[in-house]
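Let's take a walk through this protein together. Have a look at the model first, and then we'll pick out a few spots.

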Amino acid sequence: MAVFPLFMTDSYYNIQESKLYFFLYTTIAAAVLVAGVAVFGMITGTPWEGELPAGPKDNKNRKKTGSKPKAKAEAKQISESAPKESFFSLLRKHMLPADWFAALFLIVVILSTACSEWKYEAFWGNMGRWQGCFLWIWYIAAYTLISRFYKPKHWHMDLFIAAGLVVCVWGILDCFWKSPLGWQVMHEHGSEKAFDFSSTFGNVNVLTAGEGMYLLAASAMFIGVEPASGRVTKLYRFRQVFYYITACVAFMGLVCGCSDNALISVATAICFLPFFAFRSMKGIVRYAGLLAGYFFTMLLTGWIGHIEGQRVVIRWKWGQLLEISMEHPQWARILFVAALILLGILLAVWMMLRKKESDTGSSEAVTANGTSWKNAKPLRIVWAGLGVLAACVLIWVFYDANHGGHPELYEPYRGILIFDDAWGTHRGYNWRLVFKYFREFPLYKKLIGSGPETYGIYTHVYDHYAMLDMFDETYDSPHNEWLQYLFTTGILGFIGYYGLVKCALWNGFGLGRKKVSAEAECSEDKVSSGASEAAGSLIGVAFAYALQVYTLQSFVNISIPVIVPLVILSIGVCVAVRRQAG
């Protein structure tokens with residue numbers, strides 16, 4: 001959670017290789033450790049089921065119930081008298097829907113590799129981004145370990161978000177030529193490619209994906225965090241401030257990035273967080289506070305940029321958000337003032353509800369189960385309706401811009417709205433190649449794909465010179481994860497992977513909605529260890545939001561080992577929360 005995002009060994013030159021081997025070594029070590037404990041348990045007759053060793057309280061209980069040999073004999077007698085279950089019934093008992101989708105995807109990856117024309121390359125992934133069959137075996141192993149044995153703890157989430165804070169601050173410093181590693185100095189020697197790399201993730205598109213995950217996770221934690229047993233403690237106040245600052249810094253990191261992919265993360269935060277926040281008046285106020293913080297960072301970025309002058313990422317590398325902050329600060333100022341006014345109004349309403357509560361001696365006014373719940377629930381329906389309307393308008397605008405017969409109206413926004421070969425830094429041409437190859441696949445290959453990381457082989461063999469003639473560049477990835485999984489693992493692999501993602505989102509959001517809103521996080525002794533059920537549910541919501549924003553942004557992004565382990569972590573934690581809840 002904390003070490004992987006920050007791990008580097010040699011500046012930006014080998015970030016992908018460093019993080020790849022770090023993930024592999026740690027996952028293999030964890031798998032060997034778990035397997036060793038399981039084998040030891042089988043040999044000694046006490047199979048391990050994922051429980052931690054007995055603590056002091058368990059020892060006290062054991063003294064009351066009897067000696068260890070006696071208890072062991074009783075357990076053995078009970079297990080022998082219990083009816084034997086078949087292998088398939090045990091599978092049905094212990095496998096969640098997400099596990100079945102993960103198994104389907106892994107089976108398809110193996111089949112796709114075995115049937116590929118380039119088996120060696122498909123197994124190792126050496127002609128792409130190294131995510132071949134071998135690495136996917138360990139990705140699924142990591143998912144299995146996390147989803148089955150991990151118990152969410154609040155302080156673990158604090159470490160994850162703290163690592164995100166470092167990543168985002170580092171990216172902001174890079175934007176203003178204050179990199180801790182001095183990477184931007186390369187530009188002074190004529191290398192503009194220096195600005196395509198930033199922070200501990202390297203590629204700016206991948207960094208944007210990571211910052212989006214941290215933005216949504218920290219924002220969800222800020223909205224949902226509650227004091228233990230209703231008592232406001234220093235730890236609770238610290239976490240409130242910590243999550244809020246991290247969310248704002250992550251937003252500023254997106255603004256300072258050189259990728260327009262940040263627009264997807266910002267849209268996800270603004271559009272989807274209300275479905276979690278609109279549960280109580282407190283959640284609504286916190287969401288408004290986040291909006292004010294988000295837009296303030298845009299003003300702050302523009303202010304710092306004008307002070308720094310030339311010590312800012314070069315103009316033609318700016319993303320849309322940085323351009324607004326630097327050249328159109330009045331737009332950010334209007335949004336910030338509007339958010340402040342909204343926050344003031346909501347705070348006044350909340351204070352009136354709290355006063356009503358104190359006057360009537362009832363907790364109905366502000367609890368999630370009382371008046372505020374009834375007033376807030378329709379807001380989610382209204383917000384969903386507005387979202388559907390906005391989506392319809394966006395689809396119509398996109399259609400009109402491309403087929404309406406008057407593209408001149410959309411010329412200022414052609415980079416976003418006009419879909420052609422040059423769209424999205426030549427993604428339009430790249431995606432056209434994907435569909436050309438896929439249409440020519442035989443049926444079996446449409447079902448299981450061409451093999452992991454084999455897209456680059458197709459482009460090199462069939463369209464190498466055409467790519468060079470068109471844009472003077474070559475592609476080893478579709479720059480679209482959805483199309484990448486469809487092409488390399490086929491329709492069945494696509495169903496397996498995105499079925500796994502859907503189940504993880506369902507697990508995280510479903511539990512969170514029911515348990516987090518106004519519950520205390522359990523007793524004080526459990527809060528100190530982070531073991532409360534409410535904290536686990538909130539962590540599930542936070543990782544579900546992180547997974548959601550990554551999945552949406554991956555429609556225009558690359559799947560590489562620098563970021564995918566965090567995605568596997570998010571999926572595993574969401575499923576672990578579901579498994580812990582029973």
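In which helix is Asn-205 found? Look along helix α9, which covers residues 204-224, and you'll find Asn-205 there. Keep in mind as you look that this is a predicted model.

Now, is Asn-205 buried or exposed? Its relative accessible area is 17%, and since the cut-off for buried is under 20%, Asn-205 counts as buried. As for its company, if you skip the neighbours within four places in sequence, Asn-205 is in contact with Ser-259, Asn-261, Arg-427, Gln-553 and Asn-557. With one of these, Ser-259, there's also a polar contact: the two side chains are joined at 2.7 Å.

Let's step back to the whole protein for a moment. It has 582 residues, and 49% of them are buried. You can count 24 helices and 2 strands in it. Take the contacts between residues at least 6 apart in sequence: 76% of those join residues at least 24 apart.

What about the outside? The protein exposes about 28,100 Å², with carbon and sulfur atoms supplying 67% of that. One place to look on the surface is a nonpolar patch formed by Val-337, Ile-341, Ile-345, Val-349 and Met-352. Together these residues have about 450 Å² of accessible area.

To get your bearings there, start from Val-337, which sits in helix α15, residues 329-360. Why does Val-337 count as partly exposed? Because its relative accessibility is 40%, and partly exposed is what lies between the 20% and 50% cut-offs.

Note on methods:
Residues numbered from 1 in each chain as written. Predicted model: local features only at pLDDT ≥ 70, side-chain atom pairs only at ≥ 80, totals over all residues. Heavy atoms only, no water. Patch = residues over 30% accessible without salt bridge, like charges linked within 9 Å, V, L, I, M, F, W, Y side chains within 5 Å. Areas by Shrake-Rupley, 256 points an atom, 1.4 Å probe, with all protein chains shown as cover. Salt bridge = Lys/Arg side-chain N within 4 Å of Asp/Glu carboxyl O. Helix = DSSP H or I, 4+ residues; strand = E, 2+ residues; numbered from the N terminus. Buried < 20%, exposed > 50% of the residue type's maximum accessible area, 1.4 Å probe, protein only. Polar contact = N/O pair within 3.5 Å; in protein donor to acceptor, adjacent residues only side chain to side chain. Contact = heavy atoms within 4.5 Å.
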